[in-house]
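The following note sets out some comments on strand pairing and burial for a colleague's consideration. The points are numbered for ease of reply.

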Amino acid sequence: MNSRSISLLYLAVIFVAYCALTLLSACQNIFSPQDRYFTVTTITVIFNEATDDYADETADETPDAVALSDATTYAAFWGLPAIKFDKWRPNIHIKASSDNGALIGRKWDTTADVNPDNYNLFEYSQILYYDSNYAAAMISSQEDATVDNNVIMPLAFEQKIYKRSLYEQNKYDVSYDCNQGAIVVSLNTANSNYLSLKPGARVAVFATQRPKQWGELNDYTVIDAIPGDNSLQKSSDRAALLDNTSDRSATRTLSYITYKGGSDFYKDASWDGHWFEGILIEPDKISIFSKNIKDGDTARLYWSAIDTKEGDNAISPFMLFWIAIQQ
């Protein structure tokens, strides 16, 4: 090969290399970070204010996301006759049980040098908060269901919102307001998982007596409730239910009141003297008006008068109050 041919081949190689480098550079520019940024910002966002389509079907505010189950729930915990939450499914519970029915000499508070369990109105000197766990039990929101204590008040979802103890940190999210004659339950704290009630939340409060299964003569009964059309205290058939040792299942069906927002107050003059005389629902607080629960001696007078068992022995309370919430 002569020198002229070699020179032409050399020039051809140089030209091809130059073209390859130019093409490679162009490709790199196409996919440069700067160009990628400008390309993405030109994409139209479907749900922004510049479009006519505001219906983001995945948003939390859609009806499907906030719809409350209208299925009926039967709470048959600890083997007791079921409480029927008629056409609703409460998923939050605040429960204050008595210490085996003991009331005489019991108080909300006293001096710090005394073991609270010996004087407090409530079992183990505490009031408990529960988040129900229907999901783990694979319970359909569209179907009626019977649930036990492992679903409606699982230990894994239990918090103390009131505790009087010599040994562990006291909690004071529930108190008694002597001036108003009301149990005051403070919400939106660490103890209640920062619960804040929203308009549309469903709420009921009720009290029950100790059942036959635990040595009482009368059957397990909802003594008073708001709303309480079926309770022993507020039922139009109260006279027929008094001193009745047969099954009082009619009392164990509960409806709810719907929180309207703001300060929502439910009270009726005919409720004066009842265990529950009224209820005030606010986003971060529930106040239950009950002059009879100001101390154990006063409470005993109510429970001695509301109903008796054989031999004129007064019935004993089980749940001094139970707040059920669906939200």
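1. Two strands are taken to pair if DSSP finds at least two bridges between them. On that basis, strand 8 (residues 174–177) and strand 9 are joined by four bridges and run antiparallel. Val 174 has Val 185 of strand 9 as its bridge partner. The model under discussion is predicted.

2. The connection between these strands also deserves a remark. Strand 8 and strand 9 make a hairpin, with four residues lying between them. Gly 181, in the turn, has a positive phi of about 65°.

3. Strand 9 has a further pairing, with strand 16: the two are antiparallel and share five bridges. Here Val 185 stands opposite Ile 286 of strand 16. Val 185 is thus named in two pairings, as the bridge partner of Val 174 and as the residue opposite Ile 286.

4. On burial, where buried means under 20% relative accessible area, strand 9 (residues 182–186) has four of its five residues buried, so it is largely enclosed by the rest of the structure.

5. Strand 15 (residues 278–282) has five of five residues buried, and it is therefore largely enclosed by the rest of the structure. Which way do the residues of strand 15 point? Gly 278, Leu 280 and Glu 282 point one way, while Ile 279 and Ile 281 point the other way; all are buried. Glu 282 may merit the reader's attention in this list of buried residues.

6. Strand 15 pairs with strand 14 and with strand 16. With strand 14 (residues 264–267) the sense is antiparallel, over four bridges, and Phe 265 stands opposite Leu 280 of strand 15. With strand 16 (residues 285–289) the strands again run antiparallel, joined by five bridges. Glu 282 has Lys 285 of strand 16 as its bridge partner. Strand 15 and strand 16 form a hairpin with two residues between them.

7. An open sheet should be described as well. It comprises four strands in the order 5-1-2-12, and the pairing is mixed. Strand 5 (145–147) and strand 12 (253–254) stand at the edges with a single partner strand each, so one side of each has no neighbour in the sheet.

8. Within that open sheet, how many bridges link strand 1 and strand 5? Strand 1 (residues 73–75) pairs with strand 5 in the parallel sense over three bridges. Ala 75 has Val 147 of strand 5 as its bridge partner.

How values were computed. Residues are numbered from 1 along each chain as its sequence is written. This is a predicted model: local features need pLDDT of at least 70, side-chain atom pairs count only at pLDDT 80 or more; totals for chains, interfaces and linings use all residues. Side-chain values use heavy atoms; hydrogens and water are left out. Buried means under 20% relative accessible area, exposed over 50%, partly exposed in between (1.4 Å probe, protein chains only).
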